[in-house]
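Me: I am new to reading protein models, and I would like to learn how to look at one feature after another. Could you take me through an example?

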Amino acid sequence: MVLDVAESIRTRRSTRSYDSTKRLPREVFEALEQAVLNSPSGSNAQESHFVIVQEPDQIRRVKRFAQGVSGNPAAVAVLCSNRVEALSKGGADTAETLRFVNLGIAAAYILLTAQSLGVSSCPARSFHAKAIQQLLGLPEEVVPELMITLGYADQPPRPKTSKPSREVLSYDRYGKESI
Amino acid sequence: MTDTARNRSEEERHERLLDFVGYVLTAARALGKEPASYGPMRLVDTLTKAVELLEDAGIRDESVKGPLAVIRENRWQATSDPEAFGEALDEAIRRLVEVTLEDARRKEQAEK
Ligand SMILES: Cc1cc2nc3c(=O)[nH]c(=O)nc-3n(C[C@H](O)[C@H](O)[C@H](O)COP(=O)(O)O)c2cc1C
């Protein structure tokens with residue numbers, strides 16, 4: 001069963017405990033590849049690079065230097081940004097700011113693609129970038145900025161704590177609460 | 001135990017020790033820039049992982065199970081509700097005080 005986008009958004013929660021015996025089928029990797037390749041980027045600079053780690057020993061090595069990663073995921077997507085390419089293809093704004101916006105959008109694509117296929121996930125920023133760079137053999141200018149763990153959850157996610165909508169959302173001007 | 005099984009478990013212990021050291025070092029490195037509420041969470045995770053490692057090495061003590069259970073139940077609140085997590089830590093500490101006092105009573109009686 002494949003969930004549509006709205007349902008994927010509604011049901012996605014960060015997962016920190018996975019069934020370590022379940023691997024991801026090939027279709028999931030193919031769908032993630034499509035998510036990454038179809039993600040937009042400012043000036044179409046495409047300065048991001050993605051390493052999908054799925055070999056169990058390599059996942060363990062990555063986890064060792066990623067204190068924010070919990071559970072035993074079946075794969076870890078490492079989202080990286082190339083500052084040099086960002087500058088050459090997108091200019092200073094992309095190098096300073098847009099490359100993170102681009103990476104954030106790609107992250108959302110990955111999270112929702114996974115959710116739509118029944119695969120749970122959790123973003124993680126708490127890791128040692130230099131160590132991960134060395135482990136993955138990344139070039140100096142390709143820096144890991146975010147990870148996304150992926151796998152099949154083995155317990156229900158924790159409840160969501162959302163701010164009241166009026167604190168997050170306005171219509172037409174700041175503070176106007178409804179349409 | 002066969003030689004290969006023994007080697008494998010020694011290798012696994014080595015890996016687990018490295019996992020632990022990696023966790024503590026990367027956590028320590030990041031704490032200066034991370035939210036204040038991450039500090040207690042990382043310390044508690046360090047404690048849990050250390051106790052697991054000791055158990056692997058054959059050092060098992062039932063008396064720490066109670067305090068650790070309270071933390072395990074409430075760990076997820078460390079960042080979303082630091083106050084509730086603080087109360088869970090208080091409860092874990094209270095249980096450890098009970099263990100400590102019980103130990104003291106036993107020692108006193110043995111010395112009589
Ligand atoms: C940029 C970013 C970095 C995050 N880093 C971590 C992390 O290192 N470890 C972790 O367990 N969760 C991490 N999270 C997950 C958030 O804690 C989670 O998204 C938030 O609590 C909301 O919960 P939900 O994702 O279930 O809606 C991160 C989320 C984002 C967007």
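Reply: We shall go through the ligand, the interface and the salt bridges in turn, keeping in mind that this is a predicted model.

Me: Which residues are around the ligand?

Reply: The general idea is to list the residues that have a heavy atom within 4 Å of the ligand. Here the list, which lies in chain A, includes Arg12(A), Arg13(A), Ser14(A), Arg16(A), Gly68(A), Cys122(A) and Lys160(A). Strand S3 (residues 120-124) of chain A supplies the largest share of this shell, namely three residues, and, sorted by class, the shell has five charged, four nonpolar and three polar residues.

Me: Which atoms of Arg16(A), Lys160(A) and Gly68(A) lie at short range from the ligand?

Reply: One looks for pairs of N or O atoms within 3.5 Å. In the side chain of Arg16(A), an N or O atom is 2.7 Å from an oxygen atom of the ligand, and in the side chain of Lys160(A) an N or O atom is 2.6 Å from a ligand oxygen. Gly68(A) takes part through its backbone, where an N or O atom lies 2.9 Å from a nitrogen atom of the ligand. As for cover, the ligand taken alone exposes 620 Å², of which the protein buries 61%.

Me: How many residues does each chain bring to the contact between chain A and chain B?

Reply: Chain A brings 11 residues and chain B brings 16 residues. Together the two chains bury about 1,200 Å² between them, and 46% of this is on carbon and sulfur atoms. On the side of chain A, the residues that lose the most area to chain B are Arg60(A), Arg64(A) and Gln67(A), which together make up 59% of what that side buries.

Me: How many salt bridges cross this interface?

Reply: To count them, one looks for a side-chain nitrogen of Lys or Arg within 4 Å of a carboxyl oxygen of Asp or Glu. The rule finds four salt bridges across the interface of chain A and chain B, and one pair in a salt bridge is Arg60(A) with Glu12(B), whose closest N and O atoms are 3.1 Å apart.

Me: Where do Arg10(A) and Glu7(A) lie?

Reply: Both are in helix H1 (residues 5-11) of chain A, three residues apart, which is about one turn of the helix. Their side chains meet in a salt bridge, with 2.9 Å from N to O, and over all chains the rule counts 22 salt bridges.

Notes. Residues numbered from 1 in each chain as written. Chains lettered and ligands numbered in written order. Predicted model: local features only at pLDDT ≥ 70, side-chain atom pairs only at ≥ 80, totals over all residues. Heavy atoms only, no water. Polar contact = N/O pair within 3.5 Å; in protein donor to acceptor, adjacent residues only side chain to side chain. Areas by Shrake-Rupley, 256 points an atom, 1.4 Å probe, with all protein chains shown as cover. Helix = DSSP H or I, 4+ residues; strand = E, 2+ residues; numbered from the N terminus. Nonpolar A, V, L, I, M, F, W, Y, C, P; charged D, E, K, R; others polar. Contact = heavy atoms within 4.5 Å. Buried area = accessible area lost by both parts, 1.4 Å probe.
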